[in-house]
2 protein chains.
Amino acid sequence: MLLYDGFTALDAVGPYEALCRVPGVRVITVAKRAGLIRTDTGELGIAAAKSLRQVPRPDVLVVPGGGERGTTATMADTRILDWIRQADRHTAWTTSVCTGSLILGAAGLLHGLPATTYWASRPYLKEVGAVYTPGRFVESGKIITAAGVSAGIDMGLHLAARLSDEEVGRAMELAIEYAPEPPFGTGNADLADAETRTRALKLLADSSA
Amino acid sequence: MLLYDGFTALDAVGPYEALCRVPGVRVITVAKRAGLIRTDTGELGIAAAKSLRQVPRPDVLVVPGGGERGTTATMADTRILDWIRQADRHTAWTTSVCTGSLILGAAGLLHGLPATTYWASRPYLKEVGAVYTPGRFVESGKIITAAGVSAGIDMGLHLAARLSDEEVGRAMELAIEYAPEPPFGTGNADLADAETRTRALKLLADSSA
């Protein structure tokens with residue numbers, strides 16, 4: 001699981017929680033340098049256990065999304081992009097959450113492929129050669145891209161089953177008691193009204209580190 | 001937000017992600033000592049920004065749940081329980097996720113109150129004097145207890161609206177794109193079959209640090 005300055009905490013921790021108990025799976029957080037990595041608000045720090053160099057061949061790659069600044073900087077970070085490309089040569093699954101798909105795209109991995117991303121970032125998929133496709137997650141060969149933030153949980157549970165079997169996926173969904181009841185019903189951008197969309201983008205902009 | 005050895009990552013990061021962009025809210029992670037705190041699998045470390053002593057009067061308290069060992073140890077940790085009781089005297093909201101309600105209960109805060117917890121831990125609510133009540137979260141005066149792990153997201157969004165207004169709650173639900181589609185439909189313990197329940201408990205036991 002790649003961490004970088006300005007990643008979004010739930011983008012990483014959603015799949016982490018779905019995957020960390022799957023038999024045979026060990027989730028390793030990696031970043032350019034091992035140590036504490038700050039999330040997009042600057043408030044929370046999560047540890048990268050290893051440096052990129054220490055984990056050249058992960059079996060599975062998970063790239064979380066981030067705030068605009070963190071995502072954009074990572075999309076231009078040749079050291080991280082080189083690592084992603086090298087890692088992808090050997091992975092069984094290469095995956096992303098939210099704007100993490102734009103990072104995979106910047107590494108050249110999504111060319112011509114159906115993919116998804118954060119709702120507000122859908123137009124940028126075209127710029128990295130991907131074809132926006134609706135869905136909580138989109139599987140295309142060994143690449144799985146999830147929609148925004150909380151969609152990493154759905155993708156993580158799907159991946160848990162792929163890495164093991166459906167019974168493990170079913171059990172992990174219960175283990176994290178994932179029977180959601182969103183209190184407002186506004187989580188789908190295609191159904192949310194314009195005021196809610198505008199307000200959401202403003203809250204995101206105002207909270208960026 | 002209280003962290004302690006063996007807490008469950010998503011229990012904390014779910015509410016964090018729902019709350020961290022609410023105007024006027026600053027989420028502060030606290031633990032007995034500031035620094036890296038290990039989650040229940042031992043694999044992931046999240047930083048506590050402050051020590052308990054540095055944050056004696058939070059406006060809102062969020063207590064995540066943890067693995068059996070972490071929860072049980074915290075329920076017997078008089079320094080943490082004293083801090084929770086002191087903090088609760090001044091909070092506008094005192095909340096928990098998953099087995100965090102058992103910790104609130106051990107601090108004596110749930111006596112006679114309706115509350116919820118992790119599905120497998122419901123019988124223990126009685127031992128701390130609480131009355132198990134179904135729901136993704138249960139609000140009782142200023143105390144809100146959420147069900148297991150991912151239910152902290154639902155509770156966090158509700159709390160975001162309580163701390164601000166419903167428009168902010170609606171916008172935050174969109175900001176984290178919380179329109180879940182659980183892939184297996186097994187996240188509700190009352191509907192899951194016995195085999196899935198047994199398997200989930202085994203995965204949890206086998207992954208405990």
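Modeller: Before we start, two residues are in contact here if their C-beta atoms, placed from the backbone, lie within 7 Å. This is a predicted model, where local features need pLDDT of at least 70, side-chain atom pairs count only at pLDDT 80 or more, and totals for chains, interfaces and linings use all residues. Residues are numbered from 1 along each chain as its sequence is written, with chains lettered from A and ligands numbered from 1 in the order in which they are written.

Colleague: How many residues of chain A are in contact with chain B, and how many of chain B with chain A?

Modeller: Helices (H or I, at least four residues) and strands (E, at least two) are DSSP runs, numbered from the N terminus. Among the elements giving two or more residues to chain A's side are helix 1 (9–19) and strand 3 (45–48) of chain A. Helix 7 of chain A gives the most, with eight residues. The count you asked for is 59 residues of chain A and 59 residues of chain B.

Colleague: What turn lays chain A on chain B?

Modeller: The copies are superposed by least squares on the C-alpha atoms of residues with pLDDT of at least 70 in both. The fit has an RMSD of 0.0 Å and a shift of 0.0 Å along the axis. That is the relation of a two-fold axis, and the turn is 180 degrees.

Colleague: Which residue of chain A has the C-alpha nearest that axis?

Modeller: Its C-alpha is 2.2 Å from the axis. A:Leu3 is in contact with this residue, leaving aside neighbours within four places in sequence. The residue is A:Ile46.

Colleague: How many of the 13 residues of helix 6 of chain B are buried?

Modeller: Buried means 20 or more other C-beta atoms within 10 Å of a residue's own, exposed means 12 or fewer, and partly exposed is in between, with C-beta atoms placed from the backbone. The buried ones, including B:Ile153 and B:Leu157, pack against elements such as helix 1 (9–19) and helix 7 (166–175) of chain B. Helix 6 of chain B is mostly covered, and the number buried is 11.

Colleague: Which residue in the loop between helix 7 and helix 8 of chain A has a positive phi although it is not a glycine?

Modeller: The phi is about 45 degrees. This residue is buried, with 25 other C-beta atoms within 10 Å. Its name is A:Glu177.
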